[in-house]
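Here are some short exercises to work through with the sequence and the 3D view side by side. Try each task yourself, then follow the solution step by step.

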Amino acid sequence: MIPAAFEYARASSVEEAAKLLSKYGEDAKVLAGGHSLIPLMRLRLAQPTAIVDINGLKDLDNIKEDGHKLRIGALTRHVTIQNSSVIKEKLPLLAEVAGEVGDNQVRNMGTMGGVIAHADAAGDYPTLALMLDADIVTNQRTIPAREFFKDLFTTSLGPDEIITEVVFPVANGPHKYVKFRRRLFDWAIVGVAAQKINGDWRIGLTNVGPTPVRATAVEEAMHKGAKPEEAAQHASDGLDPAGDLRASPEYKKHLARVLTKRAINQAEGRQ
Amino acid sequence: MKLKVATTVNGRRHEHEVEPRLLLVHHLRDNLGLTGTHIGCDTSQCGACTILVDGKAVKSCTMFAVQAEGKNLQTIEGMAKDGELHPIQQAFWDEHGLQCGYCTPGFIMATAYLLSQNPNPTEDEIRRGLEGNLCRCTGYVNIIKAVQTASKTMSGATGKKATVAAGGN
């Protein structure tokens, strides 16, 4: 289908992109990889009046090591994250997750900043950002991930605010992302990420609510010495997922518990 | 509002004025007459419209033509040279890696990208590498055989394992 007409402008700097967004108003959209935005525009679920293309901002397409942190530029493509030797060594969970996003064609285009800004409940990076206490850096400020994801497709970004980088901690202990889906390139029906960091487990859940969820009850149980299968029973504590075509709320809660157990076991089994 | 878009497609330079909302696949098919790139699903899932943009496999239905400004594109029409099929095309022919053929251009371009990154993929790597392409005839077994055959002939043709294309991350 043909998207509705819009004005198009290429930004040559973050400042110019912000100016263009201010000029066009809140119905303008930033175009990065476009792999969430363009499908929505074709279905006319999104009809931005203007598109600000930031694909020329090569400064945002990089991965930097900064002490015990990794700074991932907003325009870094999934394929770059998946294959980055720095990410594989310092935060292998992120490389693993990047390799599970979409398919080759999607990973060649889709970006870190795009996924975070789009805030799809089934997005994979938001779960990692939340559970690892990542910071989302914009042209205006730094936002902790726990304050960033507000609701379904809703973030704390202002209309002329642009993500420039996402800052993750280094974590290379036991880890696993279990993404449950019908076909390889699908979004997660439910996903569970497990990462051991400084001796404690962090557990994040994908697509069990309007925003990513950190399974703190599981983390606490593991901290107190529970076995993974016992701790995982708490993965659905407090969840109220919406049902959809693929899974009922009860099934999603069941998956959260089962996949949490698998994620912890597989993470430990590997290292 | 129309914008100029200049691209190199299969080695030929083209310049057009296009509406920003024009999808790249429509530009290829309607403005350049390159109808070998197919539109299958219109929802970014099936991969029938896969082409190479600066050597990387991309679904041309999920990119605006204006984003292709200055880019080097390769479509299925650019694969055969001097009347001779590309080894990937020949392998799809020899292994009967197609039934109705609708998805084939997309599969061949996705295979070209896969083999540029990984010249000797295992069966599992082929399946993963082509996960973004759907065959509604479900002819996957022969498609995988075709990729294996292409991999063999291409590495044989260069007399050694082909090296991974530079800049492929």
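**Exercise 1. Find which residues have the most contacts inside the largest nonpolar core, and which helix gives the most to it.**

Step 1. The largest nonpolar core has 129 residues, and Val52(A), Ala129(A) and Val192(A) have the most contacts inside it. A nonpolar core is a set of buried Ala, Val, Leu, Ile, Met, Phe, Trp, Tyr and Cys residues joined through C-beta atoms within 7 Å. Buried means that 20 or more other C-beta atoms lie within 10 Å of a residue's own; with 12 or fewer it is exposed, and in between partly exposed, with C-beta atoms placed from the backbone.

Step 2. With 8 residues, helix H3 (residues 104-117) of chain B gives the most to this core. Helices (H or I, at least four residues) and strands (E, at least two) are DSSP runs, numbered from the N terminus.

A note before you go on: this is a predicted model, in which local features need pLDDT of at least 70 and side-chain atom pairs count only at pLDDT 80 or more, while totals for chains, interfaces and linings use all residues. Residues are numbered from 1 along each chain as its sequence is written, and chains are lettered from A and ligands numbered from 1 in the order in which they are written.

**Exercise 2. Is H3(B) mostly covered or mostly open?**

Step 1. H3(B) has 14 residues and reaches 20 Å from its first C-alpha to its last. That is close to the 20 Å expected at 1.5 Å a residue, where the expected span is 1.5 Å times one less than the number of residues.

Step 2. Of the 14 residues, 12 are buried, and H3(B) is mostly covered. Among the buried ones are Phe107(B), Ile108(B), Met109(B) and Leu114(B).

**Exercise 3. Describe strand E11 (residues 175-180) of chain A and its pairing with strand E12 (residues 190-197) of chain A.**

Step 1. All 6 of the 6 residues of E11(A) are buried.

Step 2. In a regular strand the side chains alternate between the two faces of the sheet. In E11(A), His175(A), Tyr177(A) and Lys179(A) lie on one side, with Lys176(A), Val178(A) and Phe180(A) on the other, and both faces are covered.

Step 3. E11(A) and E12(A) run antiparallel and are joined by 6 bridges; strands count as paired if DSSP finds at least two bridges between them. Tyr177(A) stands opposite Ala193(A) in E12(A).

Step 4. Val192(A) touches Val178(A), and its other contacts include Ile203(A), Leu205(A) and Ala256(A), not counting residues up to four places away in sequence. Two residues are in contact if their C-beta atoms, placed from the backbone, lie within 7 Å.

**Exercise 4. Which residues stand opposite Arg71(A) in E4(A) and E10(A)?**

Step 1. Strand E4 (residues 63-66) and strand E5 (residues 69-73) of chain A pair in the antiparallel sense over 4 bridges. They form a hairpin with 2 residues between them, and Gly67(A) in the turn has a positive phi of about 60°.

Step 2. Lys64(A) stands opposite Arg71(A) in E5(A).

Step 3. E5(A) also pairs with strand E10 (residues 163-169) of chain A, in the antiparallel sense over 5 bridges. There, the bridge partner of Arg71(A) is Val167(A).
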